[in-house]
Amino acid sequence: MIDEVFIKTILQKGDEAKEKVQTEFSDISLKQLNWKALPGSWTIGQCLEHLVISHTVYFPSLKKITEGVYQMSFWERYSPFSSICGRSLINQLQEQPKKKFKAPKIIRPTTSELPEDIIEKYHQSLDRFLKYISDCRDVDIDKTIITSPAIRIVTYSLRDTFQFLIQHEHRHINQAIRVKANINFPENNRIDGASKPVNIAKHSYDKDLIKKKILDIKADIEKLIQPACSERFFVDWYGAYDINPKHLVYWICVQSDKMKNRLNENVELITALRVLLEKYEYPSESQKFVHIGFESQETVNRESKGNWYYHFK
């Protein structure tokens, strides 16, 4: 179907990704850009390069789709696995990773050090990617099926493609932010006057007031979920909000994967949930970083032997 509301939501998430990168990495030094927490781990630069490559491999298909010349192959038209593959990638590539996945070779970043212009290249690549998404407003995103650039037998709808790619976007930006937050992350020693020291964040928020807002938001989340969920559920939250209000996570925990997926696809509900941050005047500069997600008991049983604590840990 044609779904302008969905496209608008994806574009908003794309703008949030752009703001995250601008806020967190606009003034880092070359040394910081290429710093590794551990041998074999990714640097901030590699996280951004990986996203640039991930955009680029989809550009040929998106260009044809937006120009109206895209033709699906026989397998894309009749594969019985497109829906399964799409939902699987959406579940695997969550913004807050539950487990690590090795990136396909085609989209892995270079192992060499990257120049500072990788940040500008990232912004240019993301802008192009979001322009393609915007140009799909009049495209049937459910009936348009594309093939994975990494595994040619894997196909999925354009809707699922946009969903898991935008999640993937935030997943690796969050990974880069964790690199920057590492206790051993080097200080910024640039002397050009254009940069500020990083890793020295002080906040003057009233922690008790922030916690009250968090609990009020939680209560309203429960009220919003109640009519939309026919299963037993609970709302959990955690995060180092006392260090920085942006470190806040809400999980809406239901019983079945089916219900989790249904809620996760409810664009109006997700929009209403995020409006609660504005309603209770949660610090405006932190709102875009607050995660509100869905999880199911079935998934926790399958992946973490039924233990919610270890599942989120």
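Let me begin with one detail, which is that helix α7 passes helix α8 in a left-handed crossing. What you have in front of you is a predicted model, and I will use helix α8 as our guide through a good part of it.

Staying with this first pair, α7 and α8 pack at an angle of about 160 degrees, and their axes lie 12 Å apart. Since angles over 145 degrees count as roughly antiparallel, α7 is described as roughly antiparallel to α8. Which residues make the contact? On the side of α7 they are Y122, L126, F129 and I133, and on the side of α8 they are F162, L165, E169 and I173. If we sort these residues by class, the contact of α7 with α8 has 7 nonpolar residues, no polar ones and 1 charged residue.

Now let us turn to α1 and its packing with α8. Here the angle is about 15 degrees and the axes are 10 Å apart, and because angles under 35 degrees count as roughly parallel, α1 is roughly parallel to α8. This crossing of α1 and α8 is left-handed. The list of residues is long to read aloud, so I will give only some of it: α1 contributes, among them, F6, I7, I10 and F25, while α8 contributes residues including F162, I166, I173 and I177. By class, the contact of α1 with α8 has 11 nonpolar, 4 polar and 7 charged residues.

The third partner is α6, which covers residues 82-92, whereas α8 covers residues 158-181. These two helices pack at about 20 degrees with their axes 9 Å apart, which means that α6 is roughly parallel to α8, and their crossing is left-handed. From α6 the contact takes S83, G86, R87, L89, I90 and Q92, and from α8 it takes D160, Q163, F164, Q167 and R171. How do the residues of this contact divide by class? There are 3 nonpolar, 5 polar and 3 charged residues in the contact of α6 with α8.

Let me now move from pairs of helices to the cores. As background, in soluble globular proteins nonpolar side chains tend to be buried together. In this model the largest nonpolar core has 50 residues, and those with the most contacts inside it are I44, Y122 and F162. The elements that give two or more residues to this core are α1, α3, α4, α6, α7 and α8, and it is α8 that gives the most, with 9 residues. If we look at I44 and leave aside its neighbours within four places in sequence, I44 is in contact with F25, I28, Q32, L33, A176, V179, K180 and F185. Apart from this core lies another one, of 24 residues, among them I214, F233, V235 and F294.

Is L11, which lies in helix α1, buried or exposed? L11 has a relative accessibility of 13%, and so it counts as buried. Not counting residues up to four places away in sequence, L11 touches L130, I133, S134 and R137.

Elsewhere, helix α10, residues 257-264, has as its buried residues D257, M259, K260, N261 and L263. What do the buried residues of α10 pack against? They pack against α6, β4, α11, β5 and α13.

Finally, a few loop residues deserve our attention. I153 is found in the loop between β1 and β2, and I153 counts as exposed because its relative accessible area is 59%. Although I153 and S79 are 74 residues apart in sequence, they are 9.0 Å apart in space, C-alpha to C-alpha.

For the last two residues you should keep in mind that most residues other than glycine have a negative phi. E281, in the loop between α11 and α12, has a phi near 55 degrees, a positive value in a residue other than glycine, and E281 is exposed, with a relative accessible area of 61%. K305, found in the loop between α13 and α14, likewise has a positive phi near 55 degrees, and at 81% relative accessibility K305 counts as exposed.

How values were computed: Residues numbered from 1 in each chain as written. Predicted model: local features only at pLDDT ≥ 70, side-chain atom pairs only at ≥ 80, totals over all residues. Heavy atoms only, no water. Axes fitted to C-alpha atoms, helices over the stretch in contact; angles between N-to-C directions. Helix = DSSP H or I, 4+ residues; strand = E, 2+ residues; numbered from the N terminus. Parallel < 35°, antiparallel > 145°, perpendicular 65-115°, else oblique. Left-handed = near helix turned anticlockwise from the far one by under 90°. Contact = heavy atoms within 4.5 Å. Nonpolar A, V, L, I, M, F, W, Y, C, P; charged D, E, K, R; others polar. Core = buried A, V, L, I, M, F, W, Y, C linked by side-chain atoms within 4.5 Å. Buried < 20%, exposed > 50% of the residue type's maximum accessible area, 1.4 Å probe, protein only.
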